[in-house]
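Here's a quick walk through a structure you may not have met before. Have a look at it first, and then we'll go through the strands and the place where the chains touch.

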Amino acid sequence: MDWREILDQHGSALVLYARQWSRNHADAEDAVQEGFVRVWKSGALKRVPPDKIVPYLFTAVKTAALDRIRSAKRRKTREEKASEELYEPGDMFEIDPDAEDRQRVVQSVVSQLPEEQREVLVMKVWGDLTFREIAEQLKISPNTAASRYRYAMERLRGLLEEDPVAREGGLL
Amino acid sequence: MSDEFERLENELHGMQPRAMSERTRRGIEEALAAPSAGRVIPFRKILFRVGAVAAAMVVITTIAIRLRAPGNPDAGAEPMQVAAPAPEYIERAQVDTLLLNSEDEGIIMVGDNQPARRVRVDLVDRMEWTNRASGRSMQMTRPRSEIVLVGLRTD
């Protein structure tokens, strides 16, 4: 499989996945680049069946994003620089101007999900992975992956019920 | 997943994650085209080296402590052997190494396209010599850094 083809099809989902452990979109892109290049050049993908490459890349990107967090924490400790103020909570999705209010609400509630639920949601909805593929990458059972997805949807619905824009937009 | 969440799922599927920038795409292309550099030190070799250094430090520190211990019949009895012979009245009183910091600098690609974890270790060697005749002492500290590459399994 050609790497360009993979990026065309899954690049934005990988960036969204990395975004969960990154301060902003640019950091998430850097994590994707690091993770992608790392596994591609390592030759590890030669031992991965073609249909498992994309799920494997999600894990590689997560590892790179977490490595970057650890490095950032060390820099912060050394230089006593706070980086939280650089966190940009939005910018996860291409917002459709025709549905801007509604989509911004959804983006906001997605970002409020607990990490383990949001992770499964992103892999399932935008990564288009099966529960079995998600389970293999997260080292959990398929039932647990499905449960986390369900909890995520229930929680999203609960958060959206509290939002007047979501209620009026007919999301529920 | 079910009809229960159908509308919500449709809404989520309709939202497009932000696209990857052309800058990142070019960066990936350049990185994939660039040759790998560096050399992997097999983990067993690293363990052996670290173990040898640790054992040497334990021996040196133990001797230094014994020489300095009050009431120790061996204290000051024999000067330590050093690479460059010192006058007999010069005694090495203290030798130790402090670990200041170790930092995981992430994973890099090295020779044969193998991933390796790069770890920087900051150390300070402290040495002290005492002139038994005059009672004067001289201290020396030597900061140093070491880079250790730990080979990673990719299977």
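In this predicted model, strand E2 (90-110) of chain B runs antiparallel to strand E3 (residues 114-131) of chain B, and 17 bridges join the two. Strands here are DSSP runs of E with at least two residues, helices are runs of H or I with at least four, and both are numbered from the N terminus; two strands pair if DSSP finds at least two bridges between them. One such bridge links B:Val95 to B:Met127 in E3(B). Add strand E4 (137-151) of chain B and you get an open, antiparallel sheet in the order E2-E3-E4.

Strands also meet across the chains: E1(A) and strand E1 (residues 16-17) of chain B run antiparallel, joined by two bridges. There, A:Phe93 has B:Pro17 as its bridge partner.

How many residues of chain A are in contact with chain B? It's 51, and they touch 38 residues of chain B, with contact meaning heavy atoms within 4.5 Å. Here are two salt-bridge entries (a side-chain nitrogen of Lys or Arg within 4 Å of a carboxyl oxygen of Asp or Glu):

| Item | Value |
|---|---|
| Salt bridges between chain A and chain B | five salt bridges |
| A:Asp91 and B:Arg18 side chains | 3.7 Å, N to O |

A housekeeping note: residues count from 1 along each chain as written, chains are lettered from A and ligands numbered from 1 in written order. Local features need pLDDT of at least 70 and side-chain atom pairs 80 or more, while totals for chains, interfaces and linings use all residues, and side-chain values use heavy atoms, leaving out hydrogens and water.
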